[in-house]
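Visitor: I'd like to understand how people put labels on a protein model. Could you walk me through some of the reasoning?

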Amino acid sequence: MNQRSKSERLWWSQFDALEMGSGWDEHDIQKPQIMIEDAYGDSHPGSVHLDRLTEQAKYGVFEKGGFPAQYHCTDICDGCAQGGPGMNVILASREAIANMVEMHASAVQWDGMILSSSCDKSVPAHLKAIARMDIPSIFIPGGSMRPGPNATTSILAGDISLRQKRKDAITEEEIRDYKLTGCPSCGACAFLGTASTMQCMAEALGLALPGSALAPATMRDILDYAREAGRKIMELVEKNIRPSQILTEAAFRNAIIIHSAIGGSTNATLHLPSIARELGYDLPIDLFDEINHKVPHIGNVTPSGQHQTESFWFAGGIPMVQMELREMLDLNVMTVTGKTLGENLEDLQRSNFFERNLGYLHNYGLEREDVILPVDQIHEIGSVAVMKGNIAPEGSVFKYSACVPEQRKVTGPARVFDCEQDAYNAVVEHKIHPGDIMVIRYEGPRGAGMPEMLMETEAIVCDPTINGKVALLTDGRFSGATRGAAIGHVSPEAASGGPIAFLEEGDLISYDCETREINMTGIHGVPCSIEEATAELERRSKAGIPKQPKRKGFYKFYTDHAVSAMKGAGLE
């Protein structure tokens with residue numbers, strides 16, 4: 001027990017009485033006390049199984065002489081909220097969950113903390129809380145969902161949903177079959193979306209046990225990781241190893257390198273800077289671009305590649321990527337094992353980790369190099385670009401690894417929409433044509449709360465007449481599952497008076513992934529110089545932006561106080 005805990009008990013005797021009223025005994029209250037919090041709930045497959053993981057973590061704490069207390073704060077699912085007003089509160093939920101963990105962790109002087117989640121906002125929320133509280137902590141990833149039929153994922157919803165809205169385009173049997181097979185188990189969706197990406201980032205930062213990110217949620221291995229996390233937290237408490245000793249600038253740089261190499265979700269460009277802000281330092285968006293100019297893209301994982309997250313884990317997961325890129329990484333960073341990254345990789349090699357699961361991969365007729373490409377066989381450098389110009393002076397984010405080469409440098413007319421639903425209807429009604437650049441605005445953090453545009457991007461790629469021929473530009477964000485020419489996080493956003501607010505129908509937009517530029521280059525279809533277009537945007541800005549709709553509650557608080565997407569879209 002730490003000195004603060006002892007002092008607290010001497011100060012107010014009711015503390016011990018309350019714990020004993022909860023089922024503790026006189027021996028328990030003298031042990032190191034560990035808060036174990038998960039996102040368990042019936043909200044979605046990524047959370048429904050987490051109680052089984054934290055139960056194992058409790059056993060590990062007991063085994064090493066501590067006493068655990070279990071807390072819950074469930075999350076919400078982007079997939080459940082997709083396309084409706086519920087999507088507007090999804091990013092804000094990251095802040096709410098982080099704040100709730102802070103409340104739980106602050107009210108009692110815990111000796112250590114274990115957090116467990118699987119998905120898009122709960123994982124970064126937990127990582128933010130770990131950084132904020134700075135007590136010995138470990139994160140347990142909730143793992144991967146099983147593959148669907150024919151190696152599909154739940155993202156088939158995009159095609160199903162589009163055809164449901166078009167006359168005679170789908171049968172009731174197809175819809176029912178998808179519902180019965182689209183999500184065959186618990187765990188995070190089986191593509192490298194934001195949920196899977198952030199599990200990988202937790203491990204790459206050193207906050208999760210080596211090899212634990214994306215372990216199949218239905219296999220025994222994930223229970224082993226959870227039990228070991230319970231044992232390991234007691235070691236971290238004894239040695240007083242804190243997150244601030246792990247989450248160094250070198251650790252964040254390592255994580256961005258891994259993100260680039262695996263083709264991770266663009267949402268990591270929000271979450272990693274927001275986690276860094278909890279530690280009091282800036283993680284500039286330009287660092288992502290600098291690293292993406294250098295790192296080989298070796299993860300052949302959907303949507304930037306072919307295979308699913310389960311196969312990625314069988315192929316060696318994050319540790320295998322770290323082995324491949326060890327010359328680029330700082331191997332001296334501390335991790336939750338109490339050892340350095342380099343020492344962890346050596347331990348994994350000695351334990352046969354890199355060979356043990358290849359037989360599972362063989363069940364799918366795959367070899368490791370099919371899923372994690374050897375560095376000498378790569379075809380692409382990086383996966384994400386940060387583009388700037390008169391439309392996005394602060395920056396925008398483009399995941400070019402999930403886009404056909406022909407759409408990485410484009411000039412086209414703007415098709416301007418002030419909300420996603422109107423843009424989606426335009427695709428459904430065949431009003432979008434090859435060569436168009438769709439603009440969806442007022443969807444940033446201070447606009448609509450920065451919802452993701454997966455429904456829109458899937459509608460585009462699932463329509464054969466415009467797939468690979470239409471780009472989308474928004475101050476909102478995208479799902480990690482997004483495919484195609486999707487440029488998001490445009491900053492400053494429209495609701496803050498950014499230039500995107502003043503684009504008009506037919507204006508020409510040009511972007512170039514290679515040069516990292518994005519500009520308005522024509523007025524109402526007539527080409528002009530960038531300088532002339534910039535002046536026109538400035539002239540239009542004098543009219544101001546429309547008054548934003550009234551909001552209430554935490555949603556209002558978030559949209560009133562959110563910082564720029566380029567700084568992580570957290571609260572100021």
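Visitor: What makes Cys-513 count as buried or exposed in this predicted model?

Guide: Its relative accessible area is 5%. Buried means under 20%, so Cys-513 is called buried.

Visitor: And what is Cys-183 called, and why?

Guide: Cys-183 comes out at 42% relative accessibility. The in-between class runs from 20% up to 50%, so Cys-183 counts as partly exposed.

Visitor: How many disulfides does the structure hold?

Guide: Zero. A disulfide is a covalent bond between the sulfur atoms of two cysteines.

Visitor: How do you know that Cys-183 is in no disulfide?

Guide: Look at the nearest cysteine sulfur, which belongs to Cys-189: it sits 5.3 Å away. A pair has to be within 2.5 Å to count, so Cys-183 is in no disulfide. Try Cys-513 too: its nearest cysteine sulfur, on Cys-403, is 7.9 Å away. That fails the 2.5 Å cut-off, so Cys-513 is in no disulfide either.

Visitor: Let's zoom out. Why does the radius of gyration of the chain agree with a compact globule?

Guide: For 572 residues, the rule puts a compact globule near 25 Å, and this chain has 24 Å, so the two agree.

Visitor: What share of the residues is buried?

Guide: That's 61% of the 572 residues.

Visitor: And what share of the contacts joins residues at least 24 apart?

Guide: Take the contacts between residues at least 6 apart in sequence: 74% of them join residues at least 24 apart. As for secondary structure, the chain has 24 helices and 13 strands.

Note on methods
Residues are numbered from 1 along each chain as its sequence is written. This is a predicted model: local features need pLDDT of at least 70, side-chain atom pairs count only at pLDDT 80 or more; totals for chains, interfaces and linings use all residues. Side-chain values use heavy atoms; hydrogens and water are left out. Helices (H or I, at least four residues) and strands (E, at least two) are DSSP runs, numbered from the N terminus. The radius of gyration is taken over C-alpha atoms; the globule rule is 2.2 Å times the number of residues to the power 0.38. Buried means under 20% relative accessible area, exposed over 50%, partly exposed in between (1.4 Å probe, protein chains only). Contact means heavy atoms within 4.5 Å.
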